[in-house]
Amino acid sequence: MAGVEELVLELEAGPIHHFQDWPASHLEVGRTGVYTIWSSTAFLYVGMSYRDVSETSNPNAKGLFGRLASHASGRRSGDQFCIYICDRFVIPRLSPDELAALERGERILDRLTRDYIRSNLRYRSVVTTTGAEARILETHVRLHGLPSFGRPVINP
């Protein structure tokens, strides 16, 4: 694994990609890695994919690509990041008409969460050699933050 400090700097200042451009053609499906998610210049979240397709008996493992695809979908079921975004950024901005739609049982939150993520959020990512390396890097960023931005706002 490249040095932790080198990878941390890449997660802070490396190439940034917009969720509006999803699906990502720059990511290889099935690889382990770590990613940071940004809103404007705010460092919101750090996450990882632990299982590389070669490290699991599941030939359908999607790795880092799969984690980011789940986030880009906006579906709150099974995706804690999407729940955080919905609770913190979507629900507080609901209009009276949208609140009434929720009261009627209309399922609009996943769509609104997806729209928010794709319109407002960006990400950086690094591929690691193993899941263990991804876990070490993600833990490091959660505990120590990024040099210029500190710890993530949503999951410190």
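**Group meeting: helix α3 and its surroundings**

Let me begin at the start of α3, where a side-chain oxygen of Asp 79 comes to within 3.0 Å of the backbone nitrogen of Phe 81. I should say at once that we are looking at a predicted model, and that what follows should be heard with that in mind.

Staying with Phe 81, which is placed in helix α3, we find a relative accessibility of 0%, and this residue therefore counts as buried, the cut-off being under 20%. If we set aside the neighbours within four places in sequence, Phe 81 is in contact with Ile 37, Tyr 45, His 71, Ile 117 and Leu 121. For those of you who think in terms of sequence separation, Phe 81 and Arg 114 are 33 residues apart along the chain, while their C-alpha atoms are 11 Å apart in space.

Phe 81 belongs to a longer list, since the buried residues of α3 are Phe 81, Cys 82, Ile 85, Cys 86, Phe 89 and Val 90. Around the helix axis they cover an arc of only 135°, and so they sit on the same side of α3. What lies over these buried residues includes the strands β2, β3 and β4, together with the helices α2 and α5.

Of these, I would like to take α5 in some detail. Helix α3, residues 80-90, packs with helix α5, residues 109-120, at an angle of about 85°, and their axes are 10 Å apart. Because angles from 65 to 115 degrees count as roughly perpendicular, that is how we describe α3 and α5 relative to each other. On the α3 side the contact is made by Phe 81, Cys 82, Ile 85, Cys 86, Phe 89 and Val 90, and on the α5 side by Leu 109, Leu 112, Thr 113, Tyr 116 and Ile 117. Sorted by class, this contact has 10 nonpolar residues, one polar residue and no charged ones.

Tyr 116 appears again when we turn to Ser 39, a residue of strand β2. With a relative accessible area of 19%, Ser 39 is buried, and its contacts, leaving out neighbours within four places in sequence, are Leu 44, Tyr 116, Asn 120 and Leu 121.

Let me now move to the N-terminal helix, α1, which spans residues 4-13 and whose buried residues are Leu 7, Val 8, Leu 11 and Glu 12. Seen down the axis of α1, these fall within an arc of 140°, so that they line one face of the helix. That buried set packs against β2, β4 and α6, whereas the face turned away from it carries the exposed residues Glu 6 and Ala 13.

From the α6 side, consider His 140, which is placed in that helix, residues 131-144. His 140 has a relative accessibility of 19% and counts as buried; apart from neighbours within four places in sequence, its contacts are Val 4, Glu 5, Val 8 and Gly 145.

I will finish with two points of backbone geometry. Most residues other than glycine have a negative phi, and most peptide bonds are trans. Against that background, Ser 40, in the loop between β2 and β3, has a positive phi near 55°. Trp 22 and Pro 23, for their part, are joined by a cis peptide bond with omega of about 10°, and Pro 23 lies in the loop between β1 and β2.

How values were computed
Residues are numbered from 1 along each chain as its sequence is written. This is a predicted model: local features need pLDDT of at least 70, side-chain atom pairs count only at pLDDT 80 or more; totals for chains, interfaces and linings use all residues. Side-chain values use heavy atoms; hydrogens and water are left out. Axes are lines fitted to C-alpha atoms, for helices over the stretch in contact, and angles run from 0 to 180 degrees between N-to-C directions. Helices (H or I, at least four residues) and strands (E, at least two) are DSSP runs, numbered from the N terminus. Angles under 35 degrees count as roughly parallel, over 145 as roughly antiparallel, 65 to 115 as roughly perpendicular and the rest as oblique. Contact means heavy atoms within 4.5 Å. Ala, Val, Leu, Ile, Met, Phe, Trp, Tyr, Cys and Pro count as nonpolar, Asp, Glu, Lys and Arg as charged, and the others, Gly among them, as polar. Buried means under 20% relative accessible area, exposed over 50%, partly exposed in between (1.4 Å probe, protein chains only). The arc is that of the directions from the helix axis to the C-beta atoms. A polar contact is a pair of N or O atoms within 3.5 Å; within protein, one must be able to donate a hydrogen and the other to accept it, and residues adjacent in sequence count only if both atoms are side-chain atoms.
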